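Q: Please take a close look at one part of this model, starting from a pair of side chains of your choice. Then show me how that part sits among the rest of the chain.

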Amino acid sequence: MFGLTFEKLFLVAIIAGFVLGPSRLPGYAQQLGRAVRSIRHFIDTTRSAAEDEMGVPLRRSEWETIDLRQYDPRRIVADALRETDAAPKTEWPDEVLAEATRVRPGQKYLITGPASHPRRILLDSLSEDDPRRVAAQ
């Protein structure tokens, strides 16, 4: 905890005993004990409030009882792919199907526009003297 070992804490306690003196040391020890108890109580109430709001246990012993493999993204995707009735088949509009049939392997395209909305232009559709066609070849 913060690089403090038992020896360092013991040395701090001895120095505090000399600085505070034997008459005031018991009072400060009681205050330290009350502060530690209040911090522990604050942590426990905060943890229980967070558990109530999230609905998830935050204690390590309760986490160990939960099978965390069920949240593995690879398993989720594999389960979704195994389900055949998960997504109903949709009919595509005619213009989308026409665009898909125009794409052929081996055709060369000029990609323009931003990366978020790229636009493909078939090189064969450009005229011979179009500077975009000359630059693409």
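## A charged pair and its surroundings

A: Asp72 is partly exposed, because its relative accessible area of 24% falls between the 20% and 50% limits. Its partner is Arg74: the two side chains meet in a salt bridge, with 3.6 Å from N to O. That is inside the 4 Å cut-off, so the pair counts. Side chains of opposite charge can pair when their charged atoms come close. Arg74 itself is exposed, since its relative accessibility is 66% and the class begins over 50%. The structure holds 1 salt bridge, and please bear in mind that this is a predicted model.

How much weight can the coordinates carry? The protein chain averages a pLDDT of 79, and 82% of the residues score at least 70. Confidence is highest in helix α2, at a mean of 90, and lowest in helix α6 (residues 131–136), at 67. Where pLDDT is low, the predicted coordinates should not be read in detail.

Next, the overall layout. The protein chain has 6 helices and 2 strands, and along the sequence they follow the pattern α-α-α-α-α-β-β-α. Of its 137 residues, 7% count as buried. Among contacts with a separation of 6 or more, 2% join residues 24 or more positions apart. The chain exposes about 12,500 Å², with carbon and sulfur atoms supplying 61% of that area.

From here we can visit the ring pair. The structure holds 1 aromatic pair. It is formed by Phe6 and Phe10, whose ring centres are 6.4 Å apart. The pair counts as stacked because its planes make an angle of 20°, and the class covers angles under 30 degrees. Both residues belong to helix α1 (residues 6–20), where they are 4 residues apart, about one turn of the helix. Phe6 is exposed, at a relative accessible area of 65%, while Phe10 is partly exposed, at 48%.

Glu51 offers a charged residue in another setting. Helix α2 (residues 25–54) contains Glu51. With a relative accessible area of 14%, under the 20% limit, Glu51 is therefore buried. Leaving aside neighbours within four places in sequence, Glu51 is in contact with Val56, Pro57, Leu58 and Arg59.

The two strands complete the tour. Strands β1 and β2 run antiparallel and are joined by 4 bridges, with β2 covering residues 119–122. One bridge can be named: Tyr109 has Leu122 of β2 as its partner. Between the strands of this hairpin there are 6 residues, and Gly113 takes a positive phi near 90°.

Ile111 lets us see the hairpin from a single residue. It is part of strand β1 (residues 109–112). Ile121 is 10 residues away from Ile111 in sequence, yet their C-alpha atoms are 6.4 Å apart in space. Not counting residues up to four places away in sequence, Ile111 touches Pro118, Arg119 and Arg120. Even with these contacts, Ile111 counts as exposed, because its relative accessibility is 52% and the limit is 50%.

Back at our starting point, then, the salt bridge links partly exposed Asp72 to exposed Arg74.

Technical notes:
Residues numbered from 1 in each chain as written. Predicted model: local features only at pLDDT ≥ 70, side-chain atom pairs only at ≥ 80, totals over all residues. Heavy atoms only, no water. Buried < 20%, exposed > 50% of the residue type's maximum accessible area, 1.4 Å probe, protein only. Contact = heavy atoms within 4.5 Å. pLDDT = per-residue confidence, 0-100. Phe/Tyr/Trp six-rings, centres within 6.5 Å; stacked < 30°, edge-to-face > 60°. Areas by Shrake-Rupley, 256 points an atom, 1.4 Å probe, with all protein chains shown as cover. Pairing = 2+ DSSP bridges.
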